[in-house]
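Biologist: Could you take a close look at the cysteines in this model and then lead me, step by step, into the parts around them? I am a first-year student, so please take your time.

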Amino acid sequence: MTHISVKVDGTTYEDDVEPRLLLVHYLRDRLGLTGTPIGCDTSNCGACTVELDGVSVKSCSVLAVQADGGEVTTVEGLAQDGELTALQRAFHEKHALQCGYCTPGKLMAARDLLREHPHPTSEEIRHALEGNLCRCTGYQNIVRAVQAASEQEVPA
């Protein structure tokens, strides 16, 4: 067992974990943060995307011990005091989700994009989200949602 200390969505957790435990399993099974889905377990789908120290990562390809001393933001950590972010509102208003399975990963990757490029073109949005697969929406409404959010605010 390896001892880790990691801040997740503003709360610090101290745990002993198996060195091979994936971050996605730590978040879901140990912390009960089930908003981060387990998709493909191969880092192809992007559904499990979270932020680690301000950078989006696929949590099925990161070990929990690699997050030791770091800060993780999950989809549960986006809304503040129950208020959705502009990005979350735009996904809702632009119908950028159907089944919702990919939505957490899309939100986290889009947040990372908007932090780096506050006013991306549709081509830049598509490129930034190409590692996050969606089987339902056809992507157009997702692109519209990210564009709408870019007109409202830059994520923190």
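Modeller: In this predicted model, the cysteine sulfur closest to that of Cys 45 belongs to Cys 40, and the two are 3.7 Å apart, which is too far for a bond. To follow that step, you need the cut-off, because two cysteine sulfur atoms count as a disulfide when they lie within 2.5 Å. Cys 45 is buried, its relative accessible area being 16%. Cys 136 is likewise in no disulfide, and its nearest cysteine sulfur, that of Cys 99, is 3.7 Å away. With a relative accessible area of 33%, however, Cys 136 is partly exposed. For the structure as a whole, the count of disulfides is 0.

Cys 136 and Cys 99 also lead us to a cavity, since both are found in the lining of the second largest one. A search of the whole structure gives 2 cavities of 30 Å³ or more, and the volume of the second largest is about 30 Å³. Besides those two cysteines, its lining includes Cys 102 and Cys 134, along with Leu 97, Gln 98, Gly 100, Thr 103 and Thr 137. Sorted by character, the lining has 5 nonpolar residues, 4 polar ones and no charged ones.

Further along the chain comes helix α5, which spans residues 140-150 and has Ile 142, Val 143, Ala 145, Val 146, Ala 148, Ala 149 and Ser 150 as its buried residues. These buried residues pack against three other helices, namely α2 (86-93), α3 (103-116) and α4 (122-128). Helix α4 contains Glu 123, a residue that counts as exposed at 65% relative accessibility. Although Glu 123 and Val 143 are 20 residues apart along the chain, their C-alpha atoms are separated by 8.9 Å.

Helix α1, residues 23-30, offers another case of packing, and here the buried residues are Leu 23, Val 24, Tyr 26 and Leu 27. If you look down the axis of α1, these buried residues fall within an arc of 170 degrees, so they line one face of the helix. Their packing partners are strands, namely β1 (2-8), β2 (11-17), β3 (49-52) and β5 (71-73), whereas the buried residues of α5 pack against helices. After α1 comes Gly 32, whose phi is positive, near 75 degrees.

Technical notes:
Residues numbered from 1 in each chain as written. Predicted model: local features only at pLDDT ≥ 70, side-chain atom pairs only at ≥ 80, totals over all residues. Heavy atoms only, no water. 1 Å grid on protein atoms, 1.4 Å probe; cavity = no way out; pocket = protein on both sides within 12 Å on 5 of 7 lines; lining within 4 Å. Points joined across faces, edges and corners; volume = space filled by probe spheres on them. Nonpolar A, V, L, I, M, F, W, Y, C, P; charged D, E, K, R; others polar. Buried < 20%, exposed > 50% of the residue type's maximum accessible area, 1.4 Å probe, protein only. Helix = DSSP H or I, 4+ residues; strand = E, 2+ residues; numbered from the N terminus. Arc of directions from axis to C-beta. Contact = heavy atoms within 4.5 Å.
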